[in-house]
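Thanks for making time for this. I would like to walk you through one model, starting with one helix and working outwards to the chain as a whole.

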Amino acid sequence: MSVGGTDRHRASTGVVILVASVGGHQAQLEELAERLEPAPRRRIWVTSPGPQAERLARHDEVITLPPIASRDRVGVIRGFPAAHRLLRDQRPDMVVSTGAAIALTVLPTAVMHHRRAVYIESATRSTGPSLT
């Protein structure tokens with residue numbers, strides 16, 4: 001787990017942003033999100049459109065970004081303006097991600113906004129770190 005962008009002198013907003021691509025990354029983050037302590041007042045998911053995002057929207061806020069393929073540098077860069085607006089407007093206490101290219105858009109932006117950024121490597125990764 002990596003942590004960056006912490007600012008201990010800022011008042012808590014109670015907002016946590018959860019960032020994951022659809023599929024296994026999102027499923028893993030859903031499991032982990034239930035264990036956050038203290039429990040956030042608001043959870044905002046950042047993911048790609050689809051059935052998983054629609055299911056999350058039944059109980060949490062969801063912001064969708066266009067899918068970003070693995071190693072798609074242009075897609076990562078294209079997502080920065082949306083990530084900047086999100087961080088500026090929501091001012092979360094923390095941004096948590098289990099990875100994939102979407103994390104490369106949002107986590108560095110969180111650090112630039114002086115927000116706590118937490119990256120959690122997949123528990124199924126046994127031979128080495130991922131590209132994220």
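**Helix α5 and what surrounds it**

The buried residues of α5 are covered by elements that include β2, β3, α3 (73–78), α4, β5 (94–99) and β6. Please keep in mind throughout that what you see is a predicted model.

The residues of α5 that are buried are A101, I102, A103, T105, V106, L107, T109 and A110. As for its geometry, α5 has 12 residues and spans 18 Å from its first C-alpha to its last, which is close to the 16 Å expected at 1.5 Å a residue. After α5 comes H114, a residue with a positive phi, near 60°.

Let me stay with two residues of this helix. T105, which lies in α5, counts as buried because its relative accessibility is 0%, and buried here means under 20%. Which residues does T105 touch, if we set aside those up to four places away in sequence? They are I68, G75, V76, G79, F80 and A83. For V106, leaving out its neighbours within four places in sequence, the contacts are with V19, V46, A83, L87 and V95, and A83 therefore appears in the contacts of both T105 and V106, contact being taken as heavy atoms within 4.5 Å.

**The nonpolar cores**

V106 also brings us to the largest nonpolar core, which has 17 residues, and in which I17, V19, V46, L87, V95, V106 and L107 have the most contacts inside the core. At least two residues of this core are supplied by each of β2 (15–20), β3 (42–47), α4 (80–90), α5 (101–112) and β6 (116–119). Which element gives the largest share? That is α5, with five residues. There is also a second core, separate from this one, with 11 residues, including L18, L29, L56 and V118.

**The chain as a whole**

Stepping back, the protein chain contains five helices and six strands, and reading along the sequence one finds the pattern β-β-α-β-α-β-α-α-β-α-β. Of its 132 residues, 42% are buried. If we take the contacts between residues at least 6 apart in sequence, 63% of them join residues at least 24 apart. Finally, for those of you who think in terms of surface, the protein chain exposes about 7700 Å², with carbon and sulfur atoms supplying 55% of that area.

That is where I will stop, and I am happy to take questions.

Key:
Residues numbered from 1 in each chain as written. Predicted model: local features only at pLDDT ≥ 70, side-chain atom pairs only at ≥ 80, totals over all residues. Heavy atoms only, no water. Core = buried A, V, L, I, M, F, W, Y, C linked by side-chain atoms within 4.5 Å. Buried < 20%, exposed > 50% of the residue type's maximum accessible area, 1.4 Å probe, protein only. Helix = DSSP H or I, 4+ residues; strand = E, 2+ residues; numbered from the N terminus. Areas by Shrake-Rupley, 256 points an atom, 1.4 Å probe, with all protein chains shown as cover. Expected span 1.5 Å × (residues − 1).
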